[in-house]
Amino acid sequence: MTDWARENVSVLTAVASVVALALVFGAVGGVIPSSLLPRASDAALAAIPHFNAAVSLTAIATILLGWRAISRGNVERHRNFMVTSFALFAAFLGAYLYRLIHVSTTEFPGPELVYSYVYLPFLAVHILLAIVCVPFVFHALFLAATRPYADLYQTRHSQVGFVGAVLWLISFTMGIGVYLLLYHVY
């Protein structure tokens with residue numbers, strides 16, 4: 001990356017975070033018209049939640065393996081796992097937004113009591129953590145992308161990465177819980 005990027009990681013983080021969250025809120029709010037994207041078959045759209053659950057499980061594994069790799073001093077392996085985790089997150093988000101734009105949200109099929117006191121609070125925490133983790137993840141990635149490994153010790157990469165990874169793990173795990181409630185429990 002350029003010297004400008006190295007000196008402006010916070011700006012890059014802010015811009016990437018705003019763009020990513022604007023896409024999410026635009027899709028959720030119905031601002032992005034479905035006519036912009038070709039529509040997949042109903043079967044493909046119905047398969048996306050199951051695909052995303054598999055992606056989430058895989059991302060949980062790659063985040064944990066990346067964490068393990070860096071704790072053992074294996075920087076290259078850590079980098080590979082974390083870049084893979086980010087790619088999985090991007091694949092998840094792309095598929096989720098695509099389905100959301102074409103199908104909208106999925107109605108909770110269970111009882112109203114479970115919906116109000118279990119599902120909605122669980123979903124709210126999942127969404128909040130997913131939103132909050134975005135700038136942490138981008139910041140850690142931009143720090144790593146703009147500096148040689150030895151220089152990362154003079155940054156907050158490990159602290160920001162730790163917070164981002166924890167939030168990411170909890171959010172992915174709760175997302176699987178949401179998936180199970182929507183598609184398997186009820």
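What share of the 186 residues of the chain counts as buried? The figure is 40%. Keep in mind that this is a predicted model. Here's a quick tour, starting with the whole chain and then zooming in on a few spots.

**Overall fold**

- The chain has 6 helices and 0 strands, so reading from the N terminus you simply get α-α-α-α-α-α. Its radius of gyration is 18 Å, close to the 16 Å that the globule rule gives for 186 residues, so the chain is as compact as a globular protein of that length.
- If you're setting up a box, the C-alpha trace spans about 55 × 35 × 30 Å along its principal axes.
- Contacts reach well along the sequence: counting those with a separation of 6 or more, 80% are between residues 24 or more positions apart.

**Surface and charge**

- The accessible surface of the chain is about 10,500 Å². Carbon and sulfur atoms own 69% of that area.
- On the charge side, there are 9 positive and 7 negative side chains. The centres of these two sets sit 10 Å apart.

**Annotated segments**

- An unreviewed UniProt entry puts the label "transmembrane region" on residues 12-32, 44-67, 79-98, 118-142 and 162-182. The label comes from that record, and such annotations may be inferred rather than shown by experiment.
- Take residues 118-142: this stretch is 100% helix and 0% strand in the model, with its end C-alpha atoms 37 Å apart.
- Residues 162-182 are likewise 100% helix and 0% strand, and here the end C-alpha atoms are 30 Å apart.

**Gly94**

- Gly94 belongs to helix α4, which covers residues 75-103. The UniProt record also includes Gly94 in a "transmembrane region", the one at residues 79-98.
- Is Gly94 buried or exposed? Neither, quite: its relative accessibility is 40%, and partly exposed means between 20% and 50%, so Gly94 counts as partly exposed.
- Gly94 and Ala40 are 54 residues apart in sequence, while their C-alpha atoms are 14 Å apart in space.

**Ser104**

- Ser104 lies in the loop between α4 and α5, the latter being residues 112-146.
- What's the backbone doing there? Phi of Ser104 is near 80 degrees, which is a positive value in a residue other than glycine.
- Ser104 has a relative accessible area of 42%, and that falls between the 20% and 50% cut-offs, so this residue is partly exposed too.

Notes: Residues are numbered from 1 along each chain as its sequence is written. This is a predicted model: local features need pLDDT of at least 70, side-chain atom pairs count only at pLDDT 80 or more; totals for chains, interfaces and linings use all residues. Side-chain values use heavy atoms; hydrogens and water are left out. Helices (H or I, at least four residues) and strands (E, at least two) are DSSP runs, numbered from the N terminus. The radius of gyration is taken over C-alpha atoms; the globule rule is 2.2 Å times the number of residues to the power 0.38. Buried means under 20% relative accessible area, exposed over 50%, partly exposed in between (1.4 Å probe, protein chains only). Contact means heavy atoms within 4.5 Å. Accessible areas come from the Shrake-Rupley method with a 1.4 Å probe; for residues, only the protein chains shown count as cover. Lys and Arg count as positive and Asp and Glu as negative; His and the chain ends are not counted. The place of a charge is taken as NZ of Lys, CZ of Arg, CG of Asp or CD of Glu.
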